[in-house]
Structures are given as structure tokens and as C-alpha cells.
Amino acid sequence: MNRSIAWLAAILTAWVPAAAFAHEYESGGVTVSHPWARATPGGATVGAAYVEISAKDGAPDTLVAASSPAAGRVEIHTHTMDGGVMKMRKLEKLAIPGGSSILLQPSGNHIMLFELTGPLKEGDLLPVTLVFEKAGEVKIEATVEPVGAKGPHGMNGQPGHEGHEDHTGHGK
Ligand SMILES: [Cu+2]
């Protein structure tokens, strides 16, 4: 009996995190996982959203644009170090390697929202449309996490947390 309870517990602990993080959008060969954004403080009119994008079936794709009804303009951004100062730079496109995934995250690549129509509030869902060269438009809803959050769904500062595979390059 103990044995079957242990077995059940193992199943439950394995299943619960996976279900909690099953926030995925799949279309045309690309999968967009756990999209999230940071709440915006005060009267800020810019925000950032983060996602994990994978091309699991092996065919590479390219993220070429993004838009949101909640923002006047959306750009794909990266961070670069310039003389010891971290700066943001617009990317015209972002390659998604075939059979692999890329993680957009704070201090790295991100989706930048300008001219927000209103503040992003914790708990809200932010609609974003990602446009891929091959997969076309993928509509997602990013969960808005607290101001300064480092990850989605309470995964703040927990590199290697189950639910995120190690290949996503967590940690700095
Ligand atoms: Cu930016």
C-alpha cells in the first residue's frame, strides 16, 4: 500500500508543475511557452514581455515582428554592453534554431512595448501577436507579473526550476 501511495505522490508532483506551466501556444511548427510581462509602475508608457520560443519539429523559423492592441508600437529588442553600460537595441528579426528553443528574458532579448494604452497590472493578460516568417501570426496572452519580476508564474530567481528545461540558458 505504501508503495502505491509513493507512486501516486510521484505522479502528482511530476504532473502539477507541468500543468501549472502549461501556458503554451503552438502554431505552424513554433511553440511559444509561458509568455509573461512585467507590470508597469506609475505612468510608464513602455513595457516588456518575455517568452520562450521553440521550433520543436526541427525546422528553423524567424520572428520578424510583433504587435499588441495594448501598445502603439512593439519591437523586438536585445541588450548589448556598450562601454560597461547595458543598452537596448532593436532587432529586425530573431532566429529560432530548428529543434531548439530560445528564451527571451530580462537583461536579454525581449519584446518591447511602446505607447502603452494603459498600465500593465499584475494579474492581467496582455495580448501580443508574434509574426514568424514561416509560421505566420501566433497570438498569445502574456500574464502580467509584478514590477521587477524575473520570471513567469512565481518562478522568480529560481534557475533550473522544474518546468523549465536546462537548455534555456537560465542564469547569467
Ligand atoms: Cu527594450
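Begin by selecting β5 (71-82) and β9 (110-116), two strands that run antiparallel and are joined by six bridges; strands here are DSSP runs of E with at least two residues, helices are runs of H or I with at least four, both numbered from the N terminus, and two strands pair if DSSP finds at least two bridges between them. Within this pairing, show R73, whose bridge partner in β9 is F114. The model is predicted, so local features need pLDDT of at least 70 and side-chain atom pairs count only at pLDDT 80 or more, whereas totals for chains, interfaces and linings use all residues. Residues are numbered from 1 along each chain as its sequence is written, and side-chain values use heavy atoms, with hydrogens and water left out.

Next, add β6 (residues 85-91), which pairs with β5 in the antiparallel sense over seven bridges. T78 stands opposite R89 of β6, and the two strands β5 and β6 form a hairpin with two residues between them, where G83 in the turn has a positive phi of about 60°.

Now select the copper ion and ask which protein atoms are its donors. They are ND1 of H77, SD of M88, NE2 of H110 and SD of M112, lying 2.0 to 2.2 Å from the ion; donors are N, O and S atoms within 2.8 Å of the metal (3.2 Å for Na, K and Ca), and since water is not among the atoms, sites may look incomplete. Along the chain these donors follow the spacing H-x10-M-x21-H-x1-M, and one pair links distant parts of the chain, with H77 in strand β5 and M88 in strand β6, 11 residues apart. The arrangement is tetrahedral because the four donor atoms subtend angles of 95 to 117° around the copper ion, the criterion for four donors being that all angles lie between 85 and 135 degrees. Colour the site by accessibility and H77, at 5% relative accessibility, counts as buried, whereas M88, at 42%, counts as partly exposed; buried means under 20% relative accessible area, exposed over 50%, and partly exposed in between (1.4 Å probe, protein chains only).

Move to A70, in the loop between β4 and β5, which is buried with a relative accessible area of 15%. A70 touches E115, L116, T117 and L126, not counting residues up to four places away in sequence, where contact means heavy atoms within 4.5 Å. The C-alpha atoms of A70 and L116 are 5.7 Å apart, although 46 residues separate the two in sequence. E115, in strand β9, is partly exposed, with a relative accessible area of 45%, and its contacts, leaving aside neighbours within four places in sequence, are T45, A70, A71, G72 and R73.

Finish in the largest nonpolar core, which has 32 residues, of which I53, I111, L126, L130 and F132 touch the most other members; such a core is a set of buried Ala, Val, Leu, Ile, Met, Phe, Trp, Tyr and Cys residues joined through side-chain atoms within 4.5 Å. Strands that each supply at least two residues of this core include β2 (30-38), β3 (47-54), β10 (125-132) and β11 (136-145). Centre on F132, which touches V30, V32, I53, D61, T62, L63, V64, I96 and V138, not counting residues up to four places away in sequence.

Key: Four donors count as tetrahedral if all angles lie between 85 and 135 degrees; four count as square planar and six as octahedral if opposite donors are over 155 degrees apart and all others between 65 and 115; anything else is irregular.
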